[in-house]
Amino acid sequence: MAVLPIRISGEPVLHSVASEVTDFGDELQELVADMFETMDLAPGVGLAGPQVGVGKRVFVFSWTDDDGVLHRGVAINPVLWITPAGPESVQELDEDDESEGCLSVPGERFPLRRSDGALLRAVDEHGEPFEVEAHGWLARIFQHEYDHLDGLLYVDRLTHPYGKQALKAVKKQSWGVPGKSWLPGRDHPEG
C-alpha cells in the first residue's frame, strides 16, 4: 500500500466527470487500498478517485457515528438518490452543524446545506452490489464524495457570502491552478 498525493482545487481531474470503472482487477484493488491508507492518514472521512488523480467513479469512506458504529467502505460506479429539501432549507445555515471541509481545499471549512437523507447504490471492489440508506452526517459524506465524481467540489455549491470567502481562500493560497497537491504524513496541507 502507498499514500497518494491529494490534488488541490484547480487540478483538471477534480473539475471533470469521472469515468465508469470497468476493470475490477489487481490495479483497482491496489487503488482502493491506497485510497483507504491516504484517507486515514490525511485524516478524512471520505476520498474520491479524482482527489488522488484517478478520474474513475470510485470513493472510499470511513466515519464512526455517535453510537460508535463504524461506517466504512468503498463505492464504485455509485448512484445516489437524495431526499428533497424540507422547510428547513430556507432557514439560515448553521455554521457549526452544516460546516464542511475537503481534502482538496485543505484547511478551509464553510457551511453548506445538504439533504438529510441519501440512498447509495454501488458495487464494492469485487463488483458485488450493495445499498446503504444514510441520514445525517453519513448522507452528507456520500453527497460530498459523489459530487467529486461529477467534477464538483463542495465550494462550487456554496451560497453567498461563503462562496466569495472560499474564492478568496483559494486565491490567497495560490490554488485554482493545475499542479498543486499535498501528501498526507509529509506535507502540511495548507501549503
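A residue is taken as buried when its relative accessible area is under 20%. In this predicted model, strand β7 (residues 117-123) has five of its seven residues buried, and it is therefore largely enclosed by the rest of the structure.

Strand β7 has partners in β4 and β8. Its pairing with β4 is antiparallel and runs over five bridges, with Leu80 standing opposite Leu120 of β7. Pairing with strand β8 (residues 129-135) is likewise antiparallel, over seven bridges, and here Leu120 stands opposite Val132. Five residues lie between the strands in the hairpin of β7 and β8, where Gly127 takes a positive phi near 85°.

Helix α1 covers residues 26-41. At 1.5 Å a residue, its 16 residues should span 22 Å, and the C-alpha atoms at its ends are 23 Å apart, which agrees with that expectation. The buried residues of α1 are Leu28, Leu31, Val32, Asp34, Met35, Phe36, Thr38 and Met39. An α-helix has 3.6 residues a turn, so residues three or four places apart point the same way. The buried residues of α1 pack against four strands, namely β1 (6-7), β2 (46-48), β3 (58-64) and β4 (70-82). Strand β4 thus both receives α1 and pairs with β7.

A further buried position occurs in helix α2 (residues 137-149), which contains His144. His144 counts as buried because its relative accessibility is 6%, against a limit of 20%. Apart from neighbours within four places in sequence, His144 is in contact with Glu100, Gly101, Cys102, Arg114 and Tyr154.

Terms used:
Residues are numbered from 1 along each chain as its sequence is written. This is a predicted model: local features need pLDDT of at least 70, side-chain atom pairs count only at pLDDT 80 or more; totals for chains, interfaces and linings use all residues. Side-chain values use heavy atoms; hydrogens and water are left out. Helices (H or I, at least four residues) and strands (E, at least two) are DSSP runs, numbered from the N terminus. The expected span of a helix is 1.5 Å times one less than its number of residues. Buried means under 20% relative accessible area, exposed over 50%, partly exposed in between (1.4 Å probe, protein chains only). Contact means heavy atoms within 4.5 Å. Two strands pair if DSSP finds at least two bridges between them.
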